[in-house]
Structure formats: C-alpha cells, structure tokens
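Hi there,

Here is the structure I promised to pass on. Please have a look at it, and then read my notes below.

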Amino acid sequence: MMTQYLALKAEAGDCMLFYRMGDFFELFFDDAKQAAQILDIALTSRGEHLGVPIPMCGVPVHSAEGYLARLIKAGCRVAIAEQIESPEQAKTRGGSKALVARDIVRFVTAGTLTEEALLEPRRANLLVALCAVRGQIGIAACDISTGRMELEECSADRVGAALARLGASEVVAPEDWTDAPLDAIARPARDFASDKGEAGLKEIHGVGTLDGFGLFTRAMLAAAGGLVAYLHHVGRGKLPLLLPPVARAREAHLAMDEATRASLEILVASGGTRRGSLVEAVDRCVTGAGARQLADDLSAPLTDRKGIEERLALVAWLHDDALLRGDLRAVLRGLPDLGRALGRIVAGRGSPRDLGQLRDGLSEARRIHDHLAKTADRPDLLEALLPYLTGHGALTDLYARALVPSPPTERGQGGYIAEGYDAALDELRRISGDARRAIAALEAKYRDQTGIAALKVRHNGVLGYFIEVPAGRADALMAPDSGFTHRQTMAGAVRFNALALHEEASRIAEAGGHALAAEESHFEDLVARAVAARHAIAATAQALARIDVAAGQAERAAEGGWCRPAIVDEAVLDIEGGRHPVVEAALAAGGRGGGDRFVANDCHLIPQDRLWLVGGPNMGGKSTFLRQNALIVLLAQAGGFVPAARATVGLVDRLFSRVGASDNLARGRSTFMVEMVETAAILAQASERSFVILDEVGRGTSTYDGLALAWAVVEAVHGSNRCRCLFATHYHELTRLAQSCEALSLHHVRAREWKGELVLLHEVADGPADRSYGLAVAKLAGVPAPVVARARAVLDRLEKTRAESGGLAAGLGDLPLFAAAMEHQEEVVDALRERLFALDIDALTPREAIDLLYELKREAQSLS
Ligand code: ADP
C-alpha cells in the first residue's frame, strides 16, 4: 500500500494527499502532521516506513468538505485520491490480496473551487494566470464557479495594480519567470504559449476564430494558455465551465493602483476584513451574484459616460418607484445562485439540487421578466437585459416535470426524479413499494405464527432485511423445521431470515437497483441539457445580478438620501453636502443616544481652482474629507448614486490616494521609502483628468525634509500634473504656496476652543487654519495636564525663535517653481555634451552607431 501511496504522493507534488481508505480520507507523513495541526484532529500512526512509525490522521469522507474548506483557507492545496474500483473488482482482477486501484481524481485549490460550502456567496473566487511576452504582461483571470473569464495585458509596472484589483485566490505563473509574484504557483513554462492558448480557447468554445469574442494580444493568449492548462491539470482532464473570454481594455476602467485601493478600503478594510469597507457600506444586494457584481463594479469603475449613465438611469428608475423596487427585491431574494449551480453542473460536480436550482432560478427569471415587461418608460439598460431573462421555457418545463420539488444534494439514494416522468421508473418504484408493504405484512404474519409480540422485521446495511426476536424467545425459531434460518446472535437478540422475507427483499433490491440506474441516466440527460444551454443560462444569471445591483444601489440611495451624480467631461468635482459612507454609518451605529451626526461638507474643484490645501487640527476630519470625495468619484463612475446632496463629477481617468507614512504603520512596512515610491508614481502618472488625494504626505521624515518634499510635491502636482487634488497637511508653512500657485486655494477643518476644551467641528471652511491645535488635541486625548502645560511653555519659546528668524519656510516662497527640475535638466544636457565630445566615431560598428543614436535620442526626449 505504501508503494501505491508514495507513487500518488509523488504525482500530487506540493499538494497534500487525501488518500481514500473506505469511509475515510487518510493523510500520512508531513501531510498528516500539518493537517492534524490545522484541523485540530488527532495525529496517530500506522505501520513503519524506513524503521520509523508513519504519522497518520484521517477525516470521514461524508464530512470531508468542511475539513477541506479549513485546509484551503489555511493556504493548502489538496489532491484527492479516490478508489477507482470496488474491493470486489480488485479481487477478481488480482486475487484476494490485490490492492484496490486508486488515482488522483481532482486537485482542490483555492482558485478552483465550485462547492457551495467552500465558496463565499458574496465574493468572486478568481484564479489568475500571468506571464510575460516581450516585455508585456498577459493576465488571464477566471472565476470557475461561474465561468467568467477575462483577459488583459499591461506593462510590468502595472501588474501590482491589476492584481490588487482582481484580488485573486490563486495565481499561477511560468516556473522560469523570475519576476513572477512571490505567491504564484510555478507551472511548466511551455503551457504559457499564445498558440496553445488560442487553440485551447477555440476548442473549448467550438469556434474557428476568436475574433467574435474580441481582440486578444499574444500576451493575453499566452496567459490564457497557462490558465487552461492549469485547469486541465487540477481537474484531471475535465474542464470546468468557461464562458467566452472578454478582453479588458485598460482605458475602459478607472485606474487605481494597489496603494490607492488599500487606502480607500474598497473591498477590504484595513483590518483585512469586509467589515468597515466601502462595499460593506454600499451593498444592499439580496443575491450573492449581485453582491459579487457590485464588488466587481466598485473595483473597476467605468470611464465612459454612456456606460455610467446607463447604469445610473436604471438605478434612478428603481429609486423613484419604491413599490416596484420592493416587489422586485422580494423575488430576487428567493433566487438560488444560478451561476454557481451551473458552474458545478458543467464541472461534473453537480447534484440533483443544483438542477433544481436551475429550474427555480430560470422560472423566477421568467416571472421577473413578465413583471418588468409590464412597466412603462423602461431605461435602456433594462431594455437590453430583459431578453436574457427568458427563453428557457423548454428547459424549465422539462425540469419541472422531471424533478421532485426539492431534490437532494446526494444522488446515491435516488428519489429525485419525479413521479410520472418515466413510466418504467414508476413501475420499478411500485414494485419496491409493494414489496415494502408486503414486508410490513410479513411482520404481522410472523408475530401471529410465532406468538412473539416483540418480533420485528428490521433492516441494516450489512444483513439487509432480517427478523429479530429477544434472545429469550429465540428457541422456537431455532427449530430446524420452523421455516426460519439463523443469521446472527446478539447480546439481547437473535436475528433470522425467512424465505418469503428474502424474496420480498430481493424484489426491493432488484427494483431499487434498476430504479437507481434509471434515475442516474435521467440525471445525465438533464445535466447534458444544462451544459448545452450553459451560455444562455450564464447570461440570465448575469442579467439578474445586474438588476440586483441596480435595485440594491437604489435601495441604498433611498435609505441614505443619496443623490444621482451628474457626469460631465470637464475636469471638475463639485459636491454639496458630501459624506463618507463608512464613517457616517459607523457614527450612526456607534455613539450613545443614537450616535453622532456626520457633518456634511462641500468640495468645489474647477480647473482654475483645482488644488485644495486642507489644514487644521489632527482628528479634525481632514482624512475623512479627502476620502469621501475620492469615494464619491468612485461610486459615481461605478454607476451608482453618491452620498451627497448634489454632485457633479467630471470623468476621472486615474484615481490616486496616498497617506503619509506615519499613518501607515499598520501596513507593516512603514518606511518613508514606501511613501516616496508611491508619491513618485503619482507624479509620473497623474494627468489633467486624474484625481489625487494626498494625506499628510511628507510626514514620514524629519520636519525639514518632510516640509520640503510636501512643498515640492504640491508644486509639481499643481504645475506639471495639473490634476484635481486635495492635499491635507499639518504644515502650516505650506499655506505660503497660495501666493505662487494660482490654481491652489486654502481650506481648513474648523475647530474651536470652548471653556478651555477643544471642540472639533468637522466642518471644512475656506481660508487657512488660524493656528495649530496640537496641544489641545493632546489634552483631548488625555495627556496629563502638567505635560500639556510644559509643552505649551516649550511651544511659546519655539514660536518666538521662529518669528525672529522669519519662520521655517522663510524664503521658500521666493524659490522659482521647479528650480530643482531645471537643475536636473542642466545636468542631463551636460552629460550628453560630454558623451558626444568623448565619442570616437570611427571606432563604432554601424550597429553600435545606430544603437547609440537611439539611446541619445531617448535621453534627449527625457528632457522635454
Ligand atoms: P484628521 O485626518 O484631520 O486627523 P480624521 O479624518 O481622521 O481626522 O477624523 C477623525 C475622526 O473624526 C473620525 O474618525 C470621525 O470619527 C470624526 N469625523 C471626521 N469627519 C467627520 C465629519 N464630517 N462629521 C463627523 N465626524 C467626523
């Protein structure tokens, strides 16, 4: 057995091996140690290997799913080795000592799950394949629980942003790729070939060309090749549901890098959970599929006005009709997860219950269609979605006839095919029903015959049907001519068989076997029909999800008094009475006596006044203000209402959010370096169409460097990037920038000292902050009074010295804008000149000469 085990283990590679032995999956060696620890189950041992006891642990097959879920969560991957023949087959094949043949039937990995119990209903579960082709990175992402597949391409420096957006459960990459993400699973490099990828997709979708699906680059196809090969591998040749690939165009979505996503806490809050995230504060979807679609919308908001307006129009329509919205949501709430049921069915892991879910989901879709089709003035998006909700009449009728009302999750016992669907099956059931009744009658007859009132006819898995009498009364049945044959003697009872009972039992067994086989073949037929209709079913599921998202957004807006944003092309951001949805909800839920009220704030950015410097005390609400405006942009471009009284959002191409390093300690790599790398990315990428929020940038270092950097960053954002920007800072000195930057204006969060106490008003007002409230904040935070008093004395002294020397930023206001940048340019010009003088032209080969020319040109271009 160990030989067989070790061979399978070798095949499983770095996956844990679940080795099926009867009713258990057993694990051995290090697998056993690791699993026992993660699952908190007993570690035992079995036999010896090379003179040492073999560690072992096991989990019952019937409850294996729960254990698998925990192992997958803990980051393990598991290979399942099943018995692929029965013990009887093994004996006929190889004699009494033959080992039952086993094989790995499937790999269970985080990115390739389909089981309801292992998946989170409100989260997509993505598997991502990455590879580099000629400097471009191809990304193939797929949610095999629903079959959705997306291909994209990006430059190497954008991979982090793309992965942050996708939030994959599992990533695979070629083994020879040195720049692969650290947690990627290494796969054979030959799998990541564009011709293989293309051929694979064509075969899966039965098409001669992929042109009908979109335009795919070589890098995209190579990544798709790696993805499909991996799916083949984990499914042992059986592929899951894969819908036609969609090419994701980079410009089609609001670009946000990893740091921005983390700081805006879109799908996960800083604590790593959904609690406290944007999606949690927004999500009012009543279906898992809707919640997944919403998460997708929020992680990839749109940049085209038409797409955004279409979504907004549907939300507005549902917002205005509360009655319709209520009815619709009530029906949606009862929907099964169609997409995932279909995913299991196509992957060959479907159950009768999954078929029942298709039946119910598709007929409910039809009902929703009929209901919506009666309404007037339907928005375009709804008009486009409606046709996808119908067209499954033949399938649902068939399923309605074929299946019982609530089919079971297990097929083993049968009983899921409805009465009246198949006359032969009904007949088989009648036979076993008759036989069961006959057996009940036999019990009465045997009681009469023997005079033993306690006699029972019973059934178990080992003996089948038998007669049981108390031990004390067994003698009469033991007699050779009694008509009963002895089967088993127990502690208090003795068990017998009888000819008539045996005959009836055989009838049940035979009819039952035939009935099971008949149900099984119906099941296969019903599955095949779902597989054939998979694209149409998936489209229905997607349409329902989209409707649920819109209804949920409308509900959220109605609940919170949110408004429909106006979307315009000009680079403006004009918000009245804006709120931060997460902070507002936290305040409402948290405080005593109904909680604190959120103070709404305005924000008016226009090209002539596009950079707001926001000052004021710590805890005054600067971060909250910055983020709420970024979130309003994000929500608006995702096609939803926004938490404001009125909002005009000029389309944004890239959104950046940065938090100064000291605010960032929780991320565990709080270095000034990180802060600067992230800031550098903004300066390199932000365009006039971008929106940037910078929160206390520059405070990760000593006062002078920090101030100098913050100063330079503001100048660059204002003069070069020319994007819309909110910049929060506690450097009072920066207010001087208002003199040199014409599109910059000063604002502050208001605070007031009242009877010696600091009152934070959380109100954003025009003009610079009149003073720093650091000491008052310290007092508010509970710093002991003597310490605050001492600090006040020190501060007075410092301020005096500073006033005498003209202040920390004295003279900075006279610095020419971009002096530093001009210095850099001169350096580059000098270097170029020196290189040209030193050049020995005759010593160059033509090839070197042309390379050099290119290089010089590149350097010269960097000047402009
Ligand atoms: P800062 O960035 O100025 O240090 P924060 O934005 O972090 O301040 O806000 C500190 C706290 O003040 C928040 O956690 C929140 O509880 C409260 N707060 C912020 N803005 C508001 C507001 N507009 N209305 C009510 N409370 C607010």
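**A serine pair**

A polar contact of 2.4 Å joins the side chains of Ser657 and Ser263. Please keep in mind that this is a predicted model, so every value in this email is computed from predicted coordinates.

Ser657 itself lies in strand β23, which covers residues 654-659. With a relative accessibility of 3%, Ser657 counts as buried. If you set aside the neighbours within four places in sequence, Ser657 is in contact with Ala259, Thr260, Ser263, Leu264 and Ile693.

Close to that serine partner in sequence you will find Glu265, in the loop between α8 (258-264) and α9 (278-282). The phi angle of Glu265 is near 50°, a positive value in a residue other than glycine. Glu265 counts as partly exposed because its relative accessibility is 21%.

**Another positive phi**

Asp40 has a phi near 60°, again positive in a residue other than glycine. Most residues other than glycine have a negative phi, so I thought these angles deserved a mention. Asp40 sits in the loop between α2 (29-39) and β3 (44-49). Is Asp40 buried or exposed? With a relative accessible area of 69%, Asp40 is exposed.

**The cysteines**

How many disulfides does the structure hold? The number is zero. Cys131, for instance, is in no disulfide, and the nearest cysteine sulfur, that of Cys154, is 11 Å away. Cys131 counts as buried, at 2% relative accessibility.

For Cys741, the closest cysteine sulfur is in Cys725, and at 11 Å it is too far for a bond. A disulfide would need the two sulfur atoms within 2.5 Å. Cys741 is buried too, with a relative accessible area of 1%.

**A buried alanine in a loop**

Ala418 is found in the loop between α16 (393-402) and α17 (423-450). Although it belongs to a loop, Ala418 is buried, with a relative accessible area of 11%. Which residues does Ala418 touch, not counting those up to four places away in sequence? They are Arg401, Ala402, Leu403, Val404, Asp426 and Arg429. Ala418 and Pro407 are 11 residues apart in sequence, and their C-alpha atoms are 9.3 Å apart in space.

**The chain as a whole**

Stepping back, the chain has 29 helices and 27 strands. Its C-alpha atoms fill a box of roughly 125 × 80 × 65 Å along the principal axes. Of the 864 residues in the chain, 49% are buried. Among contacts with a separation of 6 or more, 68% are between residues 24 or more positions apart.

The chain exposes about 40,900 Å², and carbon and sulfur atoms supply 54% of that area. As for charge, the chain carries 97 positive and 114 negative charges, and the mean positions of the two sets are 4 Å apart.

If you only have time for one spot, I would open the view at Ser657 and Ser263, whose side chains are joined by that polar contact of 2.4 Å.

Best wishes

How values were computed:
Residues numbered from 1 in each chain as written. Predicted model: local features only at pLDDT ≥ 70, side-chain atom pairs only at ≥ 80, totals over all residues. Heavy atoms only, no water. Helix = DSSP H or I, 4+ residues; strand = E, 2+ residues; numbered from the N terminus. Buried < 20%, exposed > 50% of the residue type's maximum accessible area, 1.4 Å probe, protein only. Polar contact = N/O pair within 3.5 Å; in protein donor to acceptor, adjacent residues only side chain to side chain. Contact = heavy atoms within 4.5 Å. Areas by Shrake-Rupley, 256 points an atom, 1.4 Å probe, with all protein chains shown as cover. Lys, Arg positive; Asp, Glu negative; His and termini not counted. Charge placed at Lys NZ, Arg CZ, Asp CG, Glu CD.
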